[in-house]
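Trainee: Got a minute? I have a new structure open and could use a guide.
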Amino acid sequence: MHTSFTGPPAADTHPTPATAEELERHKAAITRLGNELRALVEAAVRTAATPDTLHRVAEGVRHVTGQLTGRRRARADIPEVDEFPAGTRIYSPVTGAGSPLAPPLRVTPTDDGLIGHCTLGIAHEGPPGYGHGGMSAMLLDELMGRACAAAGAPGLTISLQMRYHRPVPLETPLRILARVTGTDHRKSFVTGSITTEADPATDLVTAEGVFVAPDPRRVRALFPGLTADGDPAGG
Ligand SMILES: CCCCCCCCCC(=O)SCCNC(=O)CCNC(=O)[C@H](O)C(C)(C)COP(=O)(O)OP(=O)(O)OC[C@H]1O[C@@H](n2cnc3c(N)ncnc32)[C@H](O)[C@@H]1OP(=O)(O)O
C-alpha cells in the first residue's frame, strides 16, 4: 500500500502504467539478477583464485556490465515497481532484492513496529568474522525509517545514535526490530535493535533515532520522481 505525501499537484502527465502482471514479471527478473550479483560479490570477496583467473573473470564481468548500459533511469527516478516510501524499494542497498549491496533485509509488521530478518555475508565484514558497524547502522536506519512510514509519517533521519554492545556475527540469521516511541509535530522518535535469531534476548546493537517528515511544500523539490498522489512517476 502506498503512503502518500501531500505535495503540490504534478504538472506533467506520465506514461500508461504497466499491468500488475508486467510489474511482477519485471520484479522477478530484477530479483533474479540481484541474487546472481549477490552471489558474485560474495564469491569475489571469498575467492582464493589466482591473479590470472581474477583477470579473466574481470574481463567477463566487464562484458556483462556492457549489456546493461543502454536505457537507464535518471538519478531521482523512482522505479515503476517501487511503492515509495513505505513499500518495495527494489534497489534499496538494505531491503532491495535487486541490489547486490543489500543482504537483503526482509521486513514484516509486528504489533507495535517492524521486524527485519537478514544474514550478513563476508562482503559486509568489519572486524574479522563480524559485521561492519556501518552495516548495523544502515540496517537500523532503514528499518527505523520504514517504521515511521508504516506509522503514516514517512521521514528522513536527522539523528541516529548507535550503541554497539557486542559484535554482530556474519553468516548468522539476525533479527532487527524498530518501533516509533513518540511524535512531536513532524518529528518521530524511534528505537531499534539487532540480535541474533537464536538469542533474541541479547542486544548486540541498539539505536535511537529522530526522523522528520519533510515540509509538504518541499516534497516535490526533494523527490521530483513522485506524482501528485505520491506514486512513482513511472519507470
Ligand atoms: C520521506 C521518506 C523517505 C524514506 C526513505 C528512507 C531512507 C532511510 C533513512 C535515510 O537514509 S534518510 C537520509 C539521511 N537523512 C537526510 O539526508 C536528511 C537531511 N535533512 C534534511 O533534508 C532536512 O533536515 C529535512 C528534510 C529532514 C527537514 O527539513 P524541513 O525543512 O522539512 O524541516 P524544518 O527545517 O521545517 O524543521 C522541522 C523540525 O525538524 C528539526 N530539524 C530539521 N532538520 C534537522 C536537522 N538536520 N537536525 C536537527 N533538527 C532538524 C527542526 O529544528 C524542526 O524542529 P522543531 O519543530 O522542534 O523546531
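**A first walk through the model**

Mentor: Sure. Of the protein's 235 residues, 28% count as buried. Keep in mind that this is a predicted model.

Trainee: How many helices and strands does the protein have?

Mentor: The protein has 4 helices and 6 strands. From the N terminus on, the order is α-α-β-β-α-β-β-β-β-α.

Trainee: And the contacts? What share joins residues at least 24 apart?

Mentor: Take contacts between residues at least 6 apart in sequence. Of those, 67% join residues at least 24 apart.

Trainee: Let's do helices. Is α3 enclosed or in the open?

Mentor: α3 is largely enclosed by the rest of the structure, because 13 of its 18 residues are buried. Buried means 20 or more other C-beta atoms within 10 Å of a residue's own.

Trainee: What span should α3 have?

Mentor: At 1.5 Å a residue, the 18 residues of α3 should span 26 Å. The end C-alpha atoms of α3 are 26 Å apart, so the two agree.

Trainee: What comes just after α3?

Mentor: G152 does, with a positive phi of about 90°.

Trainee: Now α2. How many of its residues are buried?

Mentor: The count is 0 among 16 residues, so α2 is hardly covered. Its span agrees with expectation too: 22 Å expected for 16 residues, with the end C-alpha atoms 23 Å apart.

Trainee: Switching to strands. Where does β3 lie, in the open or enclosed?

Mentor: Strand β3 covers residues 156–164. The number buried among its 9 residues is 0, so β3 lies largely in the open.

Trainee: Which strand does β3 pair with over 8 bridges?

Mentor: That is β6, residues 205–212, and the pairing is antiparallel. As one example, T157 has F211 in β6 as its bridge partner.

Trainee: Where do side chains point in a strand like that?

Mentor: In a regular strand, side chains alternate between the two faces of the sheet.

Trainee: There's a ligand too. How many residues surround the ligand?

Mentor: There are 16, and the closest are G145, P154, L156, I158 and D215. α3 and β3 are the elements that give two or more residues to that shell.

Trainee: What kinds of residues make up the shell?

Mentor: The shell divides into 6 nonpolar, 4 polar and 6 charged residues.

Trainee: Any annotation on record? Which residues does it cover?

Mentor: An unreviewed UniProt entry has "domain: Thioesterase" over residues 129–197. That stretch is 26% helix and 43% strand. Its end C-alpha atoms are 17 Å apart.

Trainee: Now the odd backbone spots. Which residues does a cis peptide bond join?

Mentor: A cis peptide bond joins P103 and P104, with omega about -10°. P104 lies in the loop between α2 and β1.

Trainee: What about E171? Where does it lie?

Mentor: E171 is in the loop between β3 and β4. Its phi is near 55°, a positive value in a residue other than glycine.

Trainee: Is E171 buried or exposed?

Mentor: Exposed, because E171 has 9 C-beta neighbours inside 10 Å. The cut-off for exposed is 12 or fewer.

Trainee: Last one, H185. What is its phi?

Mentor: The phi of H185 is positive, about 55°, although H185 is not a glycine. H185 is in the loop between β4 and β5. With 8 C-beta neighbours inside 10 Å, H185 counts as exposed.

Technical notes
Residues numbered from 1 in each chain as written. Predicted model: local features only at pLDDT ≥ 70, side-chain atom pairs only at ≥ 80, totals over all residues. Pairing = 2+ DSSP bridges. UniProt positions renumbered as here; feature names shortened; annotations may be inferred. Near = placed C-beta within 6 Å. Nonpolar A, V, L, I, M, F, W, Y, C, P; charged D, E, K, R; others polar. Expected span 1.5 Å × (residues − 1). Contact = placed C-beta atoms within 7 Å.
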